[in-house]
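The following exercises concern a single protein chain and are to be solved from its sequence and coordinates. Each task is followed by a worked solution.

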Amino acid sequence: MEKKDLKPASVFYYFEEVCHVPRPSKKEGKIRAFLINFAREHGLEYKTDETGNVLIRKEATPGMERCKTVILQSHMDMVCEKNNDTQHNFDTDPIETYIDGEWLKAKGTTLGADNGIGVATELAVLVADDIQHGPLECLFTVDEETGLTGAFAMKEGFMEGDILINLDSEDEGELFIGCAGGARTSAEFPFPTVPAPAGSFFFRLTVKGLTGGHSGDDINKGRANANKLLNRFLTQLMNRYDLRLAEIDGGNLHNAIPREAYAVCAVPMKDKESVRVDLNVFLADVEKEFAKTEPLLTVELESENPCETVMEPEAMKRFLLSVYAVHHGVYTMSQDMEGLVETSSNLASIKQKENKLVVVTSQRSSILSQRQDMSQMVRAAFELGGATTDTGDGYPGWKPNPSSPILQIAIESYQRLFGIAPKVKAIHAGLECGLFLEKYPSLDMVSFGPTLRGVHSPDERLLIPTVEKFWLHLLDILAHIPAKA
C-alpha cells in the first residue's frame, strides 16, 4: 500500500499537509496561519479569537438549511516526543510518515494524529462538494495538550452551533459521552550540594525502552513508569551503600507516562562490583514483572566522569523516599461504568533546575472530590519530604448524558452503516468538552474518532482501515441532523 492509495483520499491528503506544518503546543502560529489561508483559498467565512482559536463556517447544502448547526471540533497542537537517537526539530521540521502494514506511523517521533487526523477530517468536510450537511462550524483550538488553553479562554458567543462533535477520541466503533477532569501537581525539592567524597565510583543509570503512552488512556494497561523504576533502584542502593546523587532527569510531559529516565550517582569504589550485581538482579525482577507490557525494558549502568559536588545526603534521602511513596497509576475504578478508571495519578517528570529538583505529576478523576483527594495525597507525600507543592486549578470533567439526542443519532447511524451497535463509553483522558459545557450549557455533544495507539509517544500509530469507517460514520451523522424546533 502506498500513501496515494489511502482512503478516504481527501482526509489522508490533508493529514499529510498538516504533518508538514510544525505545531507544538503553545507554538501554533504556523498551523493557525495554514488554517486561515485554507479558509481564504476556499472562500469560507472564518474568525479567530485572542487566544488563537480558529473557527471556519460552511453553509448548508441545498435543502438542509433549517438543520441544527453542527460544530466539528479538534485541536491544532500535538505532543512532541522523539526517540533519543532521532534528530528532529519540532519547531521547523515536518513529521515524516510511513506505512507499516495497516498502520500509519512516524519516523522516530510522535505522529501527531492526536489530533491532526481530526483537523484533516474537518478540512476534508469543508472542501467536499458531494456530501450532505446542515450549517457547519469547524472549530480548531490551541494548546489542548499542555493546558487546554484554547478551550479555557474561549469566550461565550464564539461558537453558535447547537451540537458539538469532538473528533479527538482514539477507538473506532466507540462513542464517548464523558471524560475525566484533571489537575497538575508539582513539587520543588531543595538540592543542597556538598563536595563529592574522595575515592568514589561515579556511574550513570539509565532506564529506557519503555512503552510510555497517554497518562489517561493508557494508565490502566500495566505499563512501567521510568521515574518510578529508577527511583526504586536508587532507593535500594541508598539502603545498602553510601549512595550519592549528582544528577537526575526523567520524563517530559505531564500527560505522558515517562519512557526514559537517568541518574548520575556515586558509591565508594569498594562497592562498584556489588552495584553491578544488584542491577542484574533488579533487572531480572522487573523484566518478570513487566514481561507482557514492557518487552524492551532495560536498565543500563555506565561509568561516568567524577562530579565535584553531589546532593547533601539527608536531602537526597528525603527526595528519594518521597518519590518512592507518591502514588502512580490507577487509584480507583468507576462504580457506575464497568471498566472505566475513575481516579489515577501520573508521576510525569523529574527535572533538575539549578539548586532544586522539580517533580511534575497529574491527577485525573471523573469525580471532582476524588481528584482533589488524589492531589492532596500526592502533595502529602512530597511535603513530608520537605518539598513545596502546588496544584493548579485543573479542568472540569464531562458528565455523561445517556439520553443525548446526538448520541442516539450516532448510534443509529453506526448500526445502519455497519450492522452492529457501537460501544458507548466515557474516557479517563481529558477532553475539551467539559470546558465547552461551562460556557455553552445547552450543547449536545459526542466524541469519536479512528483508532490510535501509542499516543504521546514515538510509538504513536493510526490504524488506516478505521479512518474510512470513521469518515463514513461522520458523514452519515451529518446527513441525519434534525431541523431546528
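## Exercise 1: Charges over aromatic rings

In this predicted model, Arg204 is placed over the face of Tyr262, at 4.4 Å from the ring centre. Identify the ring over which the charged end of Arg461 sits, and place that ring's residue in its sheet.

**Solution.** Step 1. The charged end of Arg461 lies over the ring of Trp103, at 5.1 Å from its centre. The distance cut-off for such an arrangement is 6 Å from the ring centre, and the values of 4.4 Å for Arg204 and 5.1 Å for Arg461 satisfy it.

Step 2. Strand E5 (residues 103–106) pairs with strand E23 (residues 461–463) in the antiparallel sense, over three bridges. In this pairing, Trp103 stands opposite Leu463 of E23.

Step 3. An open sheet of four strands has the order E4-E5-E23-E22, with antiparallel pairing. Its edge strands are E4 (97–100) and E22, each of which pairs on one side only.

## Exercise 2: Classifying aromatic pairs

Determine how many aromatic pairs a search of the whole structure finds, and classify the pairs Phe233 with Phe282 and Phe448 with Phe470.

**Solution.** Step 1. The search of the whole structure returns eight aromatic pairs. The rings of Phe233 and Phe282 have centres 4.9 Å apart and planes at 35°, so this pair is tilted. Planes under 30 degrees apart would count as stacked, and those over 60 as edge-to-face.

Step 2. The pair links distant parts of the chain, since Phe233 belongs to helix H5 (residues 226–240) and Phe282 to helix H6 (residues 272–289), 49 residues apart. Phe233 is buried, at 1% relative accessibility, and Phe282 is likewise buried, at 3%.

Step 3. For Phe448 and Phe470, the centre-to-centre distance is 5.6 Å and the angle between the planes is 70°, an edge-to-face pair. Phe448 is found in the loop between strand E21 (444–447) and strand E22 (452–453), and Phe470 in helix H11 (residues 464–479), so the pair ties together parts that are 22 residues apart in sequence. Phe448 has a relative accessible area of 3% and is buried; Phe470, with 2%, is buried as well.

## Exercise 3: Nonpolar cores

Find the residues with the most contacts inside the largest nonpolar core, and list the contacts of Leu123 beyond its sequence neighbours.

**Solution.** Step 1. The largest nonpolar core comprises 65 residues, and those with the most contacts inside it are Leu72, Leu123, Val125, Phe140, Ile165 and Leu462.

Step 2. With neighbours within four places in sequence left aside, Leu123 is in contact with Tyr14, Val18, Phe34, Leu35, Phe38 and Phe140. Two of these contacts, Tyr14 and Phe38, form one aromatic cluster together with Tyr13.

Step 3. A second, separate core has 49 residues, including Phe203, Ala226, Ala315 and Ala381.

## Exercise 4: The surroundings of strand E18

Establish whether strand E18 is largely enclosed or open, and name the residues that stand opposite Leu357.

**Solution.** Step 1. Nine of the 10 residues of E18 (residues 356–365) are buried, so the strand is largely enclosed by the rest of the structure.

Step 2. Strand E9 (residues 181–190) is joined to E18 by 10 bridges and runs antiparallel to it. Strand E17 (residues 341–353) is also joined to E18 by 10 bridges, again antiparallel.

Step 3. Leu357 is the bridge partner of Phe189, and Gln352 also stands opposite Leu357.

Step 4. E17 and E18 form a hairpin with two residues between them, and Glu354 in the turn has a positive phi of about 55°.

## Exercise 5: Cysteine pairing

Decide how many disulfides the structure contains, and examine Cys179 and Cys433.

**Solution.** Step 1. A search of the whole structure finds zero disulfides. For Cys179, the nearest cysteine sulfur is that of Cys433, 6.2 Å away. Conversely, the nearest cysteine sulfur to Cys433 is that of Cys179.

Step 2. The cut-off for a disulfide is 2.5 Å between sulfur atoms, and neither Cys179 nor Cys433 is in a disulfide.

Step 3. Cys179 is buried, with a relative accessible area of 4%, and Cys433 is buried at 0% relative accessibility.

Conventions: Residues are numbered from 1 along each chain as its sequence is written. This is a predicted model: local features need pLDDT of at least 70, side-chain atom pairs count only at pLDDT 80 or more; totals for chains, interfaces and linings use all residues. Side-chain values use heavy atoms; hydrogens and water are left out. Rings of Phe, Tyr and Trp (its six-membered ring) pair if their centres lie within 6.5 Å; planes under 30 degrees apart count as stacked, over 60 as edge-to-face and the rest as tilted. Buried means under 20% relative accessible area, exposed over 50%, partly exposed in between (1.4 Å probe, protein chains only). A charge sits over a ring if NZ of Lys or CZ of Arg is within 6 Å of the ring centre and within 35 degrees of the ring normal. A nonpolar core is a set of buried Ala, Val, Leu, Ile, Met, Phe, Trp, Tyr and Cys residues joined through side-chain atoms within 4.5 Å. Contact means heavy atoms within 4.5 Å. Two strands pair if DSSP finds at least two bridges between them.
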